[in-house]
Amino acid sequence: MLYSYRFQKEMIAHLATIASQVIRQWEKERTRVQAGDVFMLADAIVEGSVLNHAVLTPAFFEEVGFEYYTNGTDVIRFMMLHAIAESEARYVESFGLDALQERFADVGVDSLHVLRPPAI
């Protein structure tokens with residue numbers, strides 16, 4: 001899942017393109033995705049942004065129980081992608097997702113703001 005403060009068809013299409021980039025990288029690696037996985041984007045999330053990576057997190061901003069769906073046979077886990085800067089991506093790879101989340105909380109980062117400066 002990707003969220004945006006901009007409710008425009010163009011932004012929805014753009015976020016779908018970003019999600020497709022991440023899916024292609026995941027398919028190449030053929031590994032199980034987990035919170036804290038980092039994906040490099042082809043470009044910045046939006047023009048003028050320094051956020052050119054995405055980090056996979058649990059489904060924040062949703063009610064408890066939202067993160068899993070089942071049709072009785074398959075179980076699907078919904079996760080979020082947050083745009084992050086290269087320095088933040090390296091930080092996650094070195095110290096883990098929890099450390100980045102703590103840093104975001106300390107600095108007061110709005111992780112949905114795609115034009116924000118890096119916290120690291």
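Q: What makes Gly-108 worth a look, just after H3?
A: In this predicted model, Gly-108 takes a positive phi of about 80 degrees. Gly-108 comes just after H3.

Q: Which residues of helix H3 are buried?
A: H3 covers residues 97–107. Leu-97, Ala-99, Leu-100 and Phe-104 are buried there. Buried means under 20% relative accessible area.

Q: Why are the buried residues of H3 said to line one face?
A: Look down the axis of H3: its buried residues fall within an arc of 160 degrees, so they line one face of the helix. A general point helps here. In an α-helix there are 3.6 residues a turn, so residues three or four places apart point the same way.

Q: What is on the other side of H3, and what covers its buried residues?
A: Asp-98, Glu-102, Ala-105 and Asp-106 are exposed on the other side. The cover over the buried residues of H3 includes S2, S5 and H2.

Q: Why is Ser-49 called buried?
A: The cut-off is under 20% relative accessible area. Ser-49 has 11%, so Ser-49 is buried. Its place is in the loop between strand S1 (38–40) and S2.

Q: What makes the link from Ser-49 to Val-114 a polar contact?
A: The side chain of Ser-49 reaches the backbone oxygen of Val-114 at 2.5 Å. The limit for a polar contact is 3.5 Å, so this pair is within it. Leaving aside neighbours within four places in sequence, Ser-49 is in contact with Ala-44, Val-114 and Leu-115.

Q: How do you know that Val-46 is buried, and where is Val-114 relative to Val-46?
A: Val-46 has a relative accessible area of 10%, and the cut-off is under 20%, so Val-46 is buried. Val-46 is in the loop between S1 and S2. The C-alpha atoms of Val-46 and Val-114 are separated by 7.0 Å, although the two are 68 residues apart along the chain.

Q: What makes S1 and S5 the edge strands?
A: The open sheet has three strands in the order S1-S2-S5, with antiparallel pairing. S1 and S5 each pair on one side only. On average, neighbouring strands of this sheet are turned by 30 degrees against each other, direction ignored.

Q: How do you know that S1 and S2 count as a pair, and S2 and S5 too?
A: Pairing takes at least two bridges. S1 and S2 have three, in the antiparallel sense. S2 and S5 have six and run antiparallel. Phe-39 stands opposite Ala-54 in S2, and Met-40 opposite His-53. The bridge partner of Leu-51 in S5 is Ala-85.

Q: What packs on the sheet?
A: Helix H2 (residues 86–95) does, touching S1, S2 and S5. The direction of H2 makes about 115 degrees with that of S5.

Q: What makes S2 a mostly covered strand?
A: Six of the seven residues of S2 are buried.

Q: Which residues touch the most other members of the largest nonpolar core?
A: Val-22, Leu-41, Ile-45, Leu-51 and Leu-81 do, in a core of 13 residues. Helix H1 (9–29), strand S2 (51–57) and strand S5 (80–85) each give two or more residues to this core. A second, separate core has nine residues, including Ile-84, Ala-89, Leu-97 and Phe-104.

Q: Which residues is Leu-41 in contact with, beyond its neighbours within four places in sequence?
A: They are Ile-18, Gln-21, Val-22, Leu-51, Asn-52, His-53 and Ala-54.

Methods:
Residues are numbered from 1 along each chain as its sequence is written. This is a predicted model: local features need pLDDT of at least 70, side-chain atom pairs count only at pLDDT 80 or more; totals for chains, interfaces and linings use all residues. Side-chain values use heavy atoms; hydrogens and water are left out. A nonpolar core is a set of buried Ala, Val, Leu, Ile, Met, Phe, Trp, Tyr and Cys residues joined through side-chain atoms within 4.5 Å. Buried means under 20% relative accessible area, exposed over 50%, partly exposed in between (1.4 Å probe, protein chains only). Helices (H or I, at least four residues) and strands (E, at least two) are DSSP runs, numbered from the N terminus. Contact means heavy atoms within 4.5 Å. A polar contact is a pair of N or O atoms within 3.5 Å; within protein, one must be able to donate a hydrogen and the other to accept it, and residues adjacent in sequence count only if both atoms are side-chain atoms. Axes are lines fitted to C-alpha atoms, for helices over the stretch in contact, and angles run from 0 to 180 degrees between N-to-C directions. The arc is that of the directions from the helix axis to the C-beta atoms.
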